[in-house]
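Subject: Structure handover

Hello,

Here is the structure I promised to pass on. Please open it alongside this email, and I will walk you through what turned up.

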Amino acid sequence: MGKMHNSFWRNTIILAVLFTVIQLLISTGLMDQHLQLNLFLLCINIILAVSLNLITGFTGQFSLGHAGFMAIGAYISAVMTLKLNLPFPLAIVTSAIAAAIVGILVGIPTLRLRGDYLAIATLGLSEIIRIIALNIDYIGGASGLADIPRYVNWPWIFAMTVATVIIIYNFIHSSYGRACIAIREDDIAAEAVGINITRYKILAFTIGAFFAGIAGSLYANYFYFLKPNAFGFMKSIDILVMVVFGGLGSITGSIVGAAALTLLSMALQDLPTIRMILYAILLLAIMLYRPQGLLGNAEISWKLLKKRGDKDATTINRK
Amino acid sequence: MPPLLTANDISKNFGGLNAIANVNIEIHSGEIVGLIGPNGAGKTTLFNLITGVYVPSGGTLRLHGEVDVDLAKASPHEIAALGIARTFQNIRLFKEMSVLDNVLVAYHIHVNYNLLDAFFHTPAYARGEAELYKNAVELLNILGLADKKDLPAKNLPYGEQRRLEIARALALKPKLLLLDEPAAGMNPQETAELIKLISWLRDKFGLTILLIEHDMSVVMGICQRIYVLDYGRLIAEGTPNEIKNNPLVIKAYLGEE
């Protein structure tokens, strides 16, 4: 118990220092607008990646529609703050709940599907959401919404990111989370130990959608400006890439993945012509040289290296 | 005393194949019952019918617990919660999860904290998890796996994987335990230990056990009664001695002269 308290306080202190340092950098103007924008985007991406990892990495349900839930959150938050002049806390809560409700409604029929079918169904869902947004004039249609009030500051984004990570981490380290992981591992055995697999898949999907809604709301009320094409297929793929890169089934992995890919695309912003090519090559290289089990692989390659050394030595001796 | 489980005239067809045809079975509380038959006789199909993986094509299947339940209308997870646990012929553990987590997963129907407790790791969560942990370790101790509790399940040797499946099934606190070839792949010494373990578990947990097994030393050693299936039909039932000398059973296993 004492050990647990130690790590709790250590984490709290690290987070408090991180928060304070960045807050100081922002308020003293040492961190410029460009860097700040990318930092906020990074945090939003962490929320998206961690919440998608719950669905795809931990529960094993391959979803390609995460940007759709983000879009719901973003548009609802934008409409509530811009058009209805409602307070932002109400808007963010409503966004999250609305995304979660859509998650339930979509989850009930689609989560009976497996693998590729589920991926196609969720992809379809996010396209439907995007096209609906494209065709409603009240929310700006194709040109989108502009002049959304900026309510999101560092305390907001920091608090939401930390809350997302902690809540999803806690969920996974509970009986509910174990049931989700069991479904990923073997759904027939999971049912045989009394797990209602449809219910748990929907639960994971809904929690994932809830936090994607929060990410959308933060996005809308930070970037002033929304358009439907920001939430297309490519955005869902982006989030998925962060999750796979960081490691399916690893929360810290998702954080690292989101941070690395956000920073990478920031670093490549100045090379617009070759940016996508470099991005693709780097991704390929990373996937080739850093497959899932990092530590296990390092050991094996170290052994291989040593073995190869020995072999060389013997051949030399034979000569 | 009324039986715990009755299968009345139960059938299962896959297209034109009668995997199980008009089978009648009764299992009484506290019994260890064997289910034998040549390969493809329908033994595992019968298990899948009892556990709700398949829906019967005909007949009735009832569990007589505190309430009488029609198993044909229940889904697998409901049947598990009613107190029917099973192991699988080709082991189905949660491979990447630890040995301990495999057992903890099965305790989830007995968890006494809710979703909000899980989100915020409240004191109710801490109490609930501590209790689950205690129970799971106790169960692993009984099955001799406690010292391996932190290993991934896939790293266990074969015999221990089979025992872990039994531990996981016991975590459901079942009334009826279905064992699908528990001795498969075990050496004679492991099999002898398994025979002792199964009888001991029956007494310790007040279980009723139905087991499929090809190893006759297991079947003849611990079963009070045996059912014999061949081509989906029940060809014999009786005590081990009656079955050993039954001409129909000998014919099914060895063929005719």
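To judge the length of a helix, we take its expected span as 1.5 Å times one less than its number of residues. Before applying that, please keep in mind that this is a predicted model.

Let's begin with helix 2 of chain A, which covers residues 33-58. Its 26 residues should span 38 Å at 1.5 Å a residue, and the C-alpha atoms at its ends are 36 Å apart, so the two values agree. The helix also has a bend of about 35°, located at Leu52(A). Just after helix 2 of chain A comes Gly60(A), with a positive phi of about 75°.

Now for chain A as a whole. It has 13 helices and zero strands, so to speak an α element at each step from the N terminus on. Of its 319 residues, 44% count as buried. If you take the contacts in chain A between residues at least 6 apart in sequence, 78% of them join residues at least 24 apart.

Chain B brings in a sheet. Four of its strands form an open, antiparallel sheet in the order 2-1-4-5. Strand 2 (17-27) and strand 5 (68-70) of chain B are at the edges with a single partner strand each, so one side of each has no neighbour in the sheet. From one strand to the next, the twist averages 25°.

At one of those edges, strand 4 (residues 58-64) of chain B pairs with strand 5 of chain B over three bridges, in the antiparallel sense. If you would like a spot to zoom in on there, His64(B) stands opposite Asp68(B), which belongs to strand 5 of chain B. Helix 1 of chain B, residues 43-50, lies across strand 1 (5-14), strand 2 and strand 4 of chain B. This helix runs at about 65° to strand 2 of chain B.

Finally, how do the two chains meet, and how many residues of each are in contact? On chain A there are 20 residues in contact with 27 residues of chain B. On the side of chain A that touches chain B, the elements giving two or more residues are helix 6 (154-172), helix 7 (175-185) and helix 8 (187-192) of chain A. Helix 7 of chain A provides the largest share, seven residues. By type, the residues on this side of chain A are eleven nonpolar, five polar and four charged.

Best wishes

Terms used: Residues are numbered from 1 along each chain as its sequence is written. Chains are lettered from A and ligands numbered from 1 in the order in which they are written. This is a predicted model: local features need pLDDT of at least 70, side-chain atom pairs count only at pLDDT 80 or more; totals for chains, interfaces and linings use all residues. The bend at a residue is the angle between axes fitted to the seven residues ending there and the seven starting there. A residue is buried if 20 or more other C-beta atoms lie within 10 Å of its own, exposed if 12 or fewer, and partly exposed in between; C-beta atoms are placed from the backbone. Two residues are in contact if their C-beta atoms, placed from the backbone, lie within 7 Å. Two strands pair if DSSP finds at least two bridges between them. Axes are lines fitted to C-alpha atoms, for helices over the stretch in contact, and angles run from 0 to 180 degrees between N-to-C directions. Ala, Val, Leu, Ile, Met, Phe, Trp, Tyr, Cys and Pro count as nonpolar, Asp, Glu, Lys and Arg as charged, and the others, Gly among them, as polar.
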